Amino acid sequence: MLCFSLSCTLLLAVTFLTTGVSTESVITCDDGFSVQRLSCDAGVISVQAALYGRADTETCSEGKPPQQLSNTKCSQQGVVDVLKKRCDGKKVCELNTKIVRTSDPCRGIFKYLETNYTCFPAVHLVICEHTSALLHCDVGQVIFVYGTDYGRRDQTTCSHQRPASQLQQIDCSSPTRKVAESCNGKNSCIIRASNSVFGDPCVGTYKYLEVAYSCQYPV
């Protein structure tokens with residue numbers, strides 16, 4: 001029997017992890033303006049763990065006085081949830097460390113963001129606003145939507161012949177379950193990227209829908 005809950009997603013991820021998917025690790029020192037970049041050449045991002053704070057005295061320690069490295073049990077709660085919400089299901093994810101810097105877990109300590117992720121085997125589609133795309137699987141397989149997001153995160157995707165004013169706002173993100181609700185368990189499914197379906201997370205911006213899905217045999 002197919003399941004479409006979070007627990008099923010986690011089970012699916014574990015299945016792939018046990019078949020030899022390697023884990024990548026990215027560390028970004030937080031100087032106040034740092035940007036962390038996660039990327040997958042094949043498949044899509046699946047964040048496994050994340051730490052904002054400090055867990056040792058060596059990481060991001062160059063040029064720092066000992067007192068800024070002394071607390072090695074310093075971490076902010078909820079960081080992995082923020083990373084998963086913004087990055088899961090995407091081929092590339094860039095975010096400023098200020099996104100997770102919602103509080104200071106250890107004042108006076110120089111902190112860093114460490115993210116561990118895998119490249120989850122999945123099909124990645126980008127559907128420009130007002131256009132449609134077909135999600136499909138081979139005969140006997142069904143769609144499992146891993147992640148979807150409607151908005152804009154850069155100025156180049158779906159930018160052809162668009163005025164600059166429609167591409168400026170790039171911190172525009174609206175994760176959605178609507179694609180999963182419409183397509184999970186089907187062999188094929190047509191999705192249209194439009195405000196009428198997904199709402200409008202940034203009025204006046206030309207948006208696109210990112211979809212990550214895999215094809216599974218029903219069990």
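This briefing describes a sheet, a helix that packs on it, some ring contacts and a few backbone features. The structure is a predicted model. Four of its strands form an open sheet, and helix α2 packs on that sheet. A search of the whole structure also finds two aromatic pairs.

**The sheet**

- The four strands of the open sheet follow the order β1-β6-β3-β4, and their pairing is antiparallel. The edge strands are β1, residues 23-29, and β4, each of which pairs on one side only.
- Strands of a sheet pair through backbone hydrogen bonds, in either a parallel or an antiparallel way.
- Between β3 and β4, which run antiparallel, there are two bridges, and one residue to look for here is Arg54, whose bridge partner in β4 is Cys74.
- Helix α2 packs on the sheet by touching β3 and β6, and the direction of the helix makes about 150 degrees with that of β3.

**Helix α2 and its two faces**

- Helix α2 spans residues 79-87, and its buried residues are Val79, Leu83, Arg86 and Cys87. They cover an arc of only 80 degrees around the axis, so they lie on the same side of α2.
- An α-helix has 3.6 residues a turn, so residues three or four places apart point the same way.
- The face of α2 turned away from the buried side carries Asp81 and Lys85, which are exposed.
- The buried residues of α2 pack against β2 (35-39), β3, β5 (92-96) and β6 (112-120).
- Just after α2 comes Gly89, which takes a positive phi of about 90 degrees.

**Aromatic pairs**

- A pair of aromatic rings is described by two values, the distance of the centres and the angle of the planes.
- Of the two aromatic pairs found in the whole structure, one joins Phe120 and Tyr146, whose ring centres are 4.4 Å apart and whose planes lie at 15 degrees, so this pair is stacked.
- Because Phe120 lies in strand β6 and Tyr146 in strand β9 (residues 142-152), the stacked pair ties together parts that are 26 residues apart in sequence. Phe120 counts as buried, at 1% relative accessibility, and Tyr146 is buried with a relative accessible area of 12%.
- Tyr150 and Phe198 form an aromatic pair that is tilted, with 5.4 Å from centre to centre and 35 degrees between the planes. This pair links distant parts of the chain, 48 residues apart, since Tyr150 belongs to strand β9 and Phe198 to helix α4 (residues 195-198). Both Tyr150 and Phe198 are buried.

**Charges over rings**

- The charged end of Lys64 sits over the ring of Phe110, at 4.1 Å from the centre of that ring.
- Arg162 lies over the face of Tyr206, and its distance from the ring centre is 3.7 Å.

**Backbone angles in loops**

- Most residues other than glycine have a negative phi.
- Cys60, although it is not a glycine, has a positive phi of about 50 degrees. Cys60 is found in the loop between β3 (44-54) and β4 (74-75), and it counts as buried because its relative accessibility is 13%, where the cut-off for buried is under 20%.
- His130 is likewise not a glycine, yet it has a positive phi of about 75 degrees. His130 lies in the loop between β7 (123-128) and β8 (132-136), and its relative accessible area of 45% makes it partly exposed.

Technical notes:
Residues numbered from 1 in each chain as written. Predicted model: local features only at pLDDT ≥ 70, side-chain atom pairs only at ≥ 80, totals over all residues. Heavy atoms only, no water. Buried < 20%, exposed > 50% of the residue type's maximum accessible area, 1.4 Å probe, protein only. Arc of directions from axis to C-beta. Contact = heavy atoms within 4.5 Å. Pairing = 2+ DSSP bridges. Axes fitted to C-alpha atoms, helices over the stretch in contact; angles between N-to-C directions. Phe/Tyr/Trp six-rings, centres within 6.5 Å; stacked < 30°, edge-to-face > 60°. Lys NZ or Arg CZ within 6 Å of the ring centre and 35° of its normal.
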